[in-house]
Amino acid sequence: MKRNYLPVLLVFFVLNFSFSQGLVLQKGAIIDSITVKDSIQETFSLYLPTKFENKGQWPILFLFDGEGRGKQALGMFRQVAEKENYILAASNAVNDSISVAKNVLITKRMLSEVNSLLPINLNRIYTAGFDNGGRLANLMPIFFKDIEGVISCGAGLANVELLTSKNPFHFIGIVGKEDYNYPTLLSHEKILNGLNIPNNLLVFDGGKEWPKAVYLQKALRLFTLSAMAKGHETKDSLYVKRAYNEDVTLIEQLKKEQKLLLADREISEMLNVYRTHKDLDSLKTIGKNIKKEKQYRSLKRNESAAFFKEELLREDYIYYLEEDLYTYNYNNLGWWNYQVGELNKFIKGDTEAERQMGKRLYGFLNALIEDEIDIVKSEKIVDDEALILLSMLKTISEPKNYDHYLSVISLSSKYEEYGTALFYLEEAFKKGFKNKERLDGLEHTALLRIAPEYNKLVEKYFDEARYKITD
């Protein structure tokens with residue numbers, strides 16, 4: 001296969017010494033670790049579609065990863081960017097562990113560098129990300145007025161209070177129905193509509209995961225169609241027709257699979273998007289017929305009931321976790337264990353809406369506890385007792401994550417609560433923990449490890465695992 005290359009000359013300044021080097025930008029491949037001008041520490045990754053030419057004006061999507069993995073973030077959008085002719089770029093320096101101000105400055109330097117390198121359409125600059133990266137992405141239009149739109153995968157708006165109709169960037173949320181952020185994105189959809197900020201919410205069957213390519217491509221198409229409607233892109237009737245037909249095909253597939261709620265949502269989004277491009281009477285008829293179906297009404301009732309129950313349980317979790325931490329209420333661990341048991345029942349429930357609700361609540365509870373752990377650890381003086389309680393809760397909500405058993409063992413040993421440490425040691429063994437090296441290196445456990453009770457437990461479980469003979 002013939003490869004196309006675009007040579008670009010960059011000049012880097014390090015202290016008072018300047019030098020130049022040629023940078024070859026390969027089309028159709030991810031180029032990693034391009035250095036930002038005036039910086040020897042900040043780099044970004046770049047993807048140019050194979051049809052790219054160093055002329056004209058090109059749309060660009062800046063991707064954000066919460067851990068600065070630019071190349072990995074670009075890999076998720078590479079296929080659809082190639083089909084839709086978008087440039088991709090992602091910083092390797094942004095990180096959700098540093099301040100918003102630092103991330104904004106890093107982004108500013110990257111935006112400036114890319115704009116100096118490539119012929120960018122300044123009316124078609126977009127951002128995107130998944131989870132924490134999605135929250136970073138949807139913060140950027142607040143600081144950079146030239147950002148036209150955001151794709152936020154599995155994440156709601158980072159700060160609703162900063163939204164304003166004076167800066168109406170196009171927000172596209174993509175979320176799975178089992179993701180605990182789903183109800184949040186539904187509520188943010190109403191807020192955006194109230195502010196007359198253009199938005200779309202693409203929903204799929206799934207949980208906390210990257211959306212499939214069909215939804216990522218649909219999001220880029222929404223930006224392109226919007227740009228055509230605004231005059232920022234030349235209108236292409238063939239493009240509109242092809243996009244419309246593929247969206248109708250998706251609706252027909254959802255109807256065939258009896259996913260009527262998803263089909264209804266797709267129709268609502270299409271009516272919003274295509275109204276300036278073509279006649280939609282036939283699409284409206286399809287939507288009306290779906291809503292007349294008995295199964296649709298049944299699914300809608302089940303979903304509404306699940307949302308109502310979910311909201312009440314979320315409020316309970318928030319309230320009781322706050323109360324238990326404030327009073328160090330270890331006696332309430334039984335209640336939490338019961339709640340996790342109820343969630344497992346929901347996950348195995350009779351209706352799809354109940355099963356999805358159970359998975360969302362399970363994810364919400366884990367995220368709620370993890371947030372509290374992060375808060376406690378970020379304090380100048382760490383509250384070890386609160387950390388012990390939170391780690392105990394995590395052994396209930398996430399029983400196969402051995403890190404939390406080890407946390408309880410270590411912190412309990414620190415305060416010579418050896419009975420607690422031994423209990424959680426055996427619980428970890430019962431759940432399948434077998435890493436003796438981690439135990440031997442566990443902080444604060446030197447005295448625990450010489451105790452006869454400790455060694456009896458280790459001998460009991462490790463000997464059984466190592467030497468049991470099976471016919």
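What follows is a short chat about a predicted model and some of its helices, strands and loops.

Colleague: What should I know about the model before we start?
Modeller: Residues are numbered from 1 along each chain as its sequence is written, and side-chain values use heavy atoms, leaving out hydrogens and water. The model is predicted, so to speak, with strings attached: local features need pLDDT of at least 70, totals for chains, interfaces and linings use all residues, and side-chain atom pairs count only at pLDDT 80 or more.

Colleague: How are the strands ordered in the open sheet, and which are the edge strands?
Modeller: Strands here are DSSP E runs of at least two residues, helices are H or I runs of at least four, and both are numbered from the N terminus. Two strands pair if DSSP finds at least two bridges between them. Eight strands make the open sheet, with mixed pairing, in the order β3-β4-β6-β5-β7-β8-β9-β10. Pairing on one side only, the edge strands are β3 (30-35) and β10.

Colleague: Do β5 and β7 run parallel or antiparallel, and which residue stands opposite Ile 60?
Modeller: Six bridges join β5 (residues 58-64) to β7 (residues 120-130), and the two run parallel. Opposite Ile 60, in β7, stands Ile 125.

Colleague: At about what angle does α2 run to β5?
Modeller: Axes are lines fitted to C-alpha atoms (for helices, over the stretch in contact), and angles between N-to-C directions run from 0 to 180 degrees. Helix α2 (residues 100-117) lies across β3, β4, β5, β6 and β7, and its angle to β5 is about 155°.

Colleague: How do α12 and α13 cross, left-handed or right-handed?
Modeller: The axes of α12 (residues 384-397) and α13 (residues 402-414) come within 8 Å and cross at roughly 150°. That makes α12 roughly antiparallel to α13 (over 145 degrees; under 35 is roughly parallel, 65 to 115 roughly perpendicular, the rest oblique). A crossing is left-handed if the near helix is turned anticlockwise from the far one by less than a right angle, and right-handed if clockwise. This one is left-handed.

Colleague: Where is Asn 196, and is it buried or exposed?
Modeller: Asn 196 has a positive phi of about 60° although it is not a glycine. Its place is the loop between α4 (182-194) and β10 (199-204). Buried means under 20% relative accessible area, exposed over 50%, and partly exposed in between (1.4 Å probe, protein chains only). At 67% relative accessibility, Asn 196 is exposed.

Colleague: And Glu 416, buried or exposed?
Modeller: Glu 416 has a positive phi of about 60° too, though not a glycine, and is found in the loop between α13 and α14 (418-430). With 56% relative accessibility, Glu 416 is exposed.

Technical notes. Contact means heavy atoms within 4.5 Å.
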